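Subject: Structure handover

Hi,

Here is the structure for you to look through. My notes follow below it.

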2 protein chains.
Amino acid sequence: MSAMKKVMAGVDIGGTNTAFGLVDSEGNVYEKNSILTKNYPDVNEFVAALSGAIKELAGTGTGYELAGIGIGAPNARYYRGTIELAPNLPWKGVVPLAEMIGRQTGVPVTITNDANAAAVGEMVFGAAREMKNFIVLTLGTGLGSGIVIDCGLVYGHTAFAGELGHTTIVHGGRECGCGKKGCLETYASASGIVRTVLYLLSEMNADSPLRNMAPSAITSKIIAEAAAGGDPVAVKAMSHTVEALGMGIINAIVFSSPEAVFLFGGLAKAGDMLFNPVREYVDENIMPVFRGTVSILPSGISEDNAATLGAAALAWNDFER
Amino acid sequence: MSAMKKVMAGVDIGGTNTAFGLVDSEGNVYEKNSILTKNYPDVNEFVAALSGAIKELAGTGTGYELAGIGIGAPNARYYRGTIELAPNLPWKGVVPLAEMIGRQTGVPVTITNDANAAAVGEMVFGAAREMKNFIVLTLGTGLGSGIVIDCGLVYGHTAFAGELGHTTIVHGGRECGCGKKGCLETYASASGIVRTVLYLLSEMNADSPLRNMAPSAITSKIIAEAAAGGDPVAVKAMSHTVEALGMGIINAIVFSSPEAVFLFGGLAKAGDMLFNPVREYVDENIMPVFRGTVSILPSGISEDNAATLGAAALAWNDFER
């Protein structure tokens with residue numbers, strides 16, 4: 001009798017880098033590795049390289065038993081196992097990635113987008129393990145979301161459910177990358193807060209170190225630091241961002257009445273400076289019946305392993321639940 | 001062997017009137033009747049009267065076999081079987097209505113709010129019978145909603161999920177009955193369109209028959225008729241309402257990606273004059289990935305039986321699915 005360790009591979013596909021690792025049923029991560037996505041303009045070569053690397057990590061003699069592969073990727077369509085029309089990946093059109101990797105590795109493969117993977121990670125390995133209803137918001141360049149209702153991730157009719165970054169919060173507002181206007185993510189995200197700073201620099205007379213930087217060099221981290229240091233423009237930008245994010249969170253709560261909303265990603269690193277005013281805003285502005293029913297929390301998963309864990313959690317959830 | 005017809009009782013509790021009837025598994029309604037809610041300030045007497053009336057309709061010798069009772073009522077809390085703090089009903093505090101009626105009738109009783117009952121009605125007997133994911137919006141004095149995801153009604157952590165009428169669409173906007181500001185239902189409902197007319201009468205110089213009516217006498221029906229007749233104030237009010245409703249629908253679609261959104265109730269009677277521009281607005285303003293994935297439809301249930309059917313559908317769904 002061998003004492004093989006059963007694992008799922010978690011794969012996080014990004015425009016530049018594809019990171020992966022093996023994850024056991026307890027959420028321990030082993031054998032982290034990566035390949036450069038952009039080195040594989042031909043998806044067949046990408047599939048061969050990734051499948052080969054995973055088989056090497058978990059193949060015969062390694063002590064691991066590979067039970068499946070979970071993938072988080074932009075523009076992934078869960079129901080079909082495809083990546084579709086992804087502007088930030090090298091491959092055009094509709095790519096049946098789950099099937100292609102399954103054929104090369106001989107194990108079942110499941111795929112979803114990054115924010116959904118983050119939500120499944122929170123459910124399987126994170127702070128939502130005891131929760132039936134919760135929402136994860138990923139505050140990166142954009143605003144992604146994964147919604148869990150009655151213990152299941154919400155995919156909807158199209159598999160594209162959970163695009164809370166594209167709820168309209170200002171009629172005719174800021175231009176969004178999706179082609180529409182006034183979307184939540186143009187206000188409440190790392191790029192949104194930079195836009196808010198630029199707007200406030202146009203509105204306010206106050207001195208600010210942010211006036212000495214090229215707009216393209218301003219980041220949410222710089223703004224959070226400036227706000228912590230008392231810069232009036234940055235402070236006001238934080239408060240506008242809290243308002244927009246709070247409004248988005250309220251609209252999500254009245255929809256699905258979650259037990260918790262988790263904030264994850266770059267902007268969430270601002271910590272209490274973000275979380276406390278967001279909690280106050282939601283408490284003051286939500287329909288009273290929901291007041292006090294929802295916790296607004298940081299993710300329970302450490303950021304360095306989050307994407308791999310989330311992707312592997314999807315496989316654990318789909319194949320071994 | 002008797003040929004008893006198995007039925008559920010559907011009960012629609014309103015502030016003035018409580019209507020009920022027997023509904024078979026095909027959605028046929030029998031023995032409609034009602035009692036006056038407001039005649040029973042003591043809830044025990046209400047329970048006795050309602051239970052007695054139902055037993056009379058479906059008791060021994062009637063040819064009906066009563067298998068359960070479904071109730072639609074304002075402020076109903078599904079998980080607990082209660083009506084809680086209902087401002088428009090005669091009974092104060094938390095009323096364990098399901099348990100009380102169950103004890104008097106000897107059959108299982110289930111209860112939810114009106115809009116949720118409408119959604120279950122649509123699912124069991126209406127136009128959503130083949131759908132896994134859809135949303136019903138009831139456009140009455142307020143805007144109610146019932147959300148179905150993966151064939152189940154969404155109740156969330158509190159049982160109060162699906163309050164789309166209380167999503168914020170205008171930061172700091174119109175005062176809402178819920179105590180907050182800018183809620184969708186203050187713009188997109190029968191009362192919302194009247195408020196929009198009053199605002200437009202303040203903004204516009206155009207002549208309008210609506211200038212000759214007391215604000216309290218203006219109804220959504222009068223506005224729809226005036227718009228059909230070309231009155232410029234009413235026409236603009238319709239278009240503002242379409243915009244608000246469209247924005248609310250878009251925000252719901254990006255959340256749960258339904259196959260259809262059903263519009264029901266007073267305002268929906270405006271027909272094509274409402275549906276066509278709402279469809280256009282949604283199509284033009286939604287994140288492109290959802291374009292063409294959702295039908296915006298009238299309810300498949302005729303209005304005179306809708307509340308009874310919806311309530312009975314809840315019982316069929318909960319007890320005989």
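A:Ser257 takes a positive phi of about 45°, just after H6(A). This is a predicted model, so please read every value here as computed from it.

The helix before that serine is H6 of chain A, residues 232–256. It has 25 residues and reaches 36 Å from its first C-alpha to its last. That is close to the 36 Å expected at 1.5 Å a residue. H6(A) is mostly covered, with 20 of its 25 residues buried.

Now the whole of chain A. It has eight helices and 13 strands. Its radius of gyration is 20 Å, close to the 20 Å that the globule rule gives for 321 residues, so chain A is as compact as a globular protein of that length. Its C-alpha atoms fill a box of roughly 70 × 45 × 35 Å along the principal axes. Buried residues make up 53% of the 321. Of the contacts with a separation of 6 or more, 64% join residues 24 or more positions apart.

One helix pair in chain A deserves a look. Helix H3 (residues 114–125) and helix H8 (residues 303–319) have axes that come within 7 Å and cross at roughly 75°. An angle from 65 to 115 degrees counts as roughly perpendicular, so H3(A) is roughly perpendicular to H8(A). On the H3(A) side, the contact includes A:Val120, A:Gly121, A:Val124 and A:Phe125. On the H8(A) side, A:Ala313, A:Leu314 and A:Trp316 are among the residues involved. By class, this contact has 12 nonpolar, three polar and one charged residues.

Over to chain B. B:Ala313 is found in helix H8 (residues 303–319) of that chain. Is B:Ala313 buried or exposed? It has 27 other C-beta atoms within 10 Å, and 20 or more count as buried, so B:Ala313 is buried. Leaving aside neighbours within four places in sequence, B:Ala313 is in contact with B:Gly70, B:Val120, B:Gly121, B:Val124 and B:Phe125. B:Leu184 is 129 residues from B:Ala313 in sequence and 28 Å from it in space, C-alpha to C-alpha.

Last, the interface. Here 35 residues of chain B are in contact with 36 residues of chain A. On the chain B side, the largest share comes from helix H6 (residues 232–256) of chain B, with seven residues. That side divides into 15 nonpolar, 15 polar and five charged residues.

Best wishes

Note on methods:
Residues are numbered from 1 along each chain as its sequence is written. Chains are lettered from A and ligands numbered from 1 in the order in which they are written. This is a predicted model: local features need pLDDT of at least 70, side-chain atom pairs count only at pLDDT 80 or more; totals for chains, interfaces and linings use all residues. Two residues are in contact if their C-beta atoms, placed from the backbone, lie within 7 Å. Helices (H or I, at least four residues) and strands (E, at least two) are DSSP runs, numbered from the N terminus. Ala, Val, Leu, Ile, Met, Phe, Trp, Tyr, Cys and Pro count as nonpolar, Asp, Glu, Lys and Arg as charged, and the others, Gly among them, as polar. The radius of gyration is taken over C-alpha atoms; the globule rule is 2.2 Å times the number of residues to the power 0.38. A residue is buried if 20 or more other C-beta atoms lie within 10 Å of its own, exposed if 12 or fewer, and partly exposed in between; C-beta atoms are placed from the backbone. Axes are lines fitted to C-alpha atoms, for helices over the stretch in contact, and angles run from 0 to 180 degrees between N-to-C directions. Angles under 35 degrees count as roughly parallel, over 145 as roughly antiparallel, 65 to 115 as roughly perpendicular and the rest as oblique. The expected span of a helix is 1.5 Å times one less than its number of residues.
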